[in-house]
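Subject: Structure handover and findings

Dear colleague,

Please find below the structure for your review. My notes on it follow.

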Amino acid sequence: MRHTDPRVWRNWAGTAAATPARWCRPRSEAEIAAAVKDAAAAGLPVRALGRGHSFTAAAATAGVALDLSGWTGITAADTRTGLVTARSGTMLRALGAELGGLGLAMANLGDIDVQTLAGALSTGTHGTGARLGGLATQVEALELVLADGSVVTCSASSRPDLFAAARVGLGALGVITAVTLRCVPSFTLLADERPMPVDEVLEQFDTLAETNDHFEFYWFPYGRKALVKRNNRLSPDGSASAPGALPGWRRYWEFEVMENAAFGTLCRAGRAAPRLIPALNRFSSAALSSRSYTDVSHRVFVTPRRVRFAESEYAVPRESLVHVIAELRRAVPRLPDPVMFPVEVRVAAADDIWLSTAYGRPSAYVAVHQYTGLPYRDYFDRFEAIVAEVAGRPHWGKLHSLDAGRLRPLYPRFDDFRRVRAEADPEGRFGNAYLTRVFGSTHDL
């Protein structure tokens, strides 16, 4: 299980890298616990690796890297209650397929499904839906290996503080080994995607959020149109007038050719000649097309992402969304470097998870992106300044500059989280530089 390996770990976006002293690929909970104990004996920190889809260095370590790609699969499922337990290294894509075979589904998902279950939960991954929370709100119980190698279970009724902290905990409390989810019966979504003038989208924002099960939009910063996505659940008996699933050829054309290959070509052209980016961006906005189709939920929620980018995302109070977008629209034309990628906007219900970006307030999520290799710092800094005016909270797995001093007033239970962390991991065994920046040291309490 344990070996020394000079391989460099890199994340998907190329924005973080590290060289672990050891790589471990455990295949059992006992091996995970043994790896943590061995690291403690050697005085090394430990980080569990997901699939590298965090844009930050949240998973980076110079100590022991736990590769959980061999620790996967559903271990228990009750189709009557919907309670399903899965190993933490299970990729969301595989989980969706396995759940579908059981007649079950997750109530909501994000638009990328290549993350591990534990990695997605730990960084606060979310989908969209004004009446739905992030992925962590679907968790009923967690199993963790703590810093002393002990294995514990936590839930709302057993070690509730640990549960409240660990559901979105960046792996700072221990290594999540298993997750029990409350799933729902499989369902079909009617997807409707069409361009709308961005001014019209903003005027109707609250109505669109409230009248659709899942609503989001993409706005190209130099264009006048946004791509509005509305996904609504069909009753089990369906609808005779509902369109069917996209034919295989069209799905390939829409998602692989147009949204990835063709858009990637435009991005490369913009990187080679940045002065063309505003025109290319307007062209992308003007070329948006409409489509309606039905499919099982996990196939509708997810969109293939082959074109690489850097991303920053903040959760803001939902009532402030129109103001934030208006400020961003004013800011983008004044930036020293043009922006190639669209801005994505989603919504979520308030929840009670201590470090959830939607803690205590209905939220809108604004995500800004820049194509890989193009300058993004001025853009992301200006975005941060705008959302700071409305107490924006950064996505834990996406690029931001905030530290513990600036994060603490944004989260009413921030000090509670730090207390639980200090109790669960008093020596900072699961720490790294990113966690020290956002939470401070475990010795600071």
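Is Glu 327 buried or exposed? Glu 327 has a relative accessible area of 16%, so it counts as buried. Please bear in mind throughout that this is a predicted model.

**Salt bridges**

Glu 327 is a suitable starting point, since its side chain meets that of Arg 330 in a salt bridge, at 2.3 Å from N to O. Both residues belong to helix H10 (residues 321-331), where they are three residues apart, about one turn of the helix. The partner, Arg 330, is partly exposed, because its relative accessibility is 42%.

Across the whole structure, the search returns 28 salt bridges. One of a longer sequence range joins Asp 192 to Arg 230, with 3.7 Å between N and O. This pair links distant parts of the chain, 38 residues apart: Asp 192 is in strand E14 (residues 188-197) and Arg 230 is in strand E16 (residues 225-233). Asp 192 has a relative accessible area of 16% and is therefore buried.

A further salt bridge is formed by Arg 346 and Glu 344, whose closest N and O atoms are 3.5 Å apart. Arg 346 is buried, with a relative accessible area of 5%, and Glu 344 is likewise buried, at 4% relative accessibility.

There is also a network of salt bridges that links Asp 161, Arg 413, Asp 416, Arg 419 and Glu 423. Helix H13 spans residues 414-424, and its buried residues include Phe 414, Phe 417, Arg 418, Val 420, Arg 421, Ala 422 and Ala 424. Among the elements covering the buried residues of H13 are helix H4 (160-166), helix H12 (404-407) and helix H14 (433-439).

**Helix H7 and Arg 251**

Which charged residue is buried yet has no salt bridge? That residue is Arg 251; the nearest side chain of opposite charge belongs to Asp 295 and is 4.2 Å away. A salt bridge requires a nitrogen-oxygen separation within 4 Å. Beyond its neighbours within four places in sequence, Arg 251 is in contact with Leu 246, Glu 256, Tyr 293, Asp 295, Arg 299 and Val 302.

Arg 251 is part of helix H7, which covers residues 248-272. At 1.5 Å a residue, the 25 residues of H7 should span 36 Å, and this agrees with the 33 Å between its end C-alpha atoms. The helix nevertheless has a kink of about 40°, centred on Val 257. Val 257 is itself among the buried residues of H7, as are Arg 251, Glu 254, Phe 255 and Asn 260. The buried residues of H7 pack against helix H8 (277-286), strand E17 (291-296), helix H9 (297-301) and strand E20 (363-371).

**Nonpolar cores**

The largest nonpolar core comprises 118 residues, and those with the most contacts inside it are Phe 217, Leu 328, Trp 396 and Phe 439. Another core lies apart from it and has 16 residues, among them Leu 44, Val 46, Val 145 and Val 175. In soluble globular proteins, nonpolar side chains tend to be buried together.

Setting aside neighbours within four places in sequence, the contacts of Trp 396 include Val 168, Leu 170, Leu 355, Tyr 434, Val 438 and Phe 439.

**Backbone geometry**

Leu 170, one of the residues in contact with Trp 396, has a positive phi of about 55° although it is not a glycine. Leu 170 is placed in the loop between H4 and strand E12 (175-182), and it is buried, with a relative accessible area of 3%.

Arg 159 also has a positive phi, near 50°, and is likewise a residue other than glycine. It lies in the loop between strand E11 (151-155) and H4, and at 43% relative accessibility Arg 159 counts as partly exposed. Most residues other than glycine have a negative phi.

**Strand E7**

Finally, Ala 76 sits in strand E7 (residues 74-78). Its relative accessibility is 38%, so Ala 76 counts as partly exposed. Apart from neighbours within four places in sequence, Ala 76 is in contact with Leu 83, Val 84 and Thr 85. The C-alpha atoms of Ala 76 and Arg 87 are separated by 9.9 Å, with the two residues eleven apart along the chain.

With kind regards

Technical notes
Residues numbered from 1 in each chain as written. Predicted model: local features only at pLDDT ≥ 70, side-chain atom pairs only at ≥ 80, totals over all residues. Heavy atoms only, no water. Helix = DSSP H or I, 4+ residues; strand = E, 2+ residues; numbered from the N terminus. Buried < 20%, exposed > 50% of the residue type's maximum accessible area, 1.4 Å probe, protein only. Lys, Arg positive; Asp, Glu negative; His and termini not counted. Contact = heavy atoms within 4.5 Å. Expected span 1.5 Å × (residues − 1). Bend = angle between axes of the 7 residues up to and from the residue. Core = buried A, V, L, I, M, F, W, Y, C linked by side-chain atoms within 4.5 Å.
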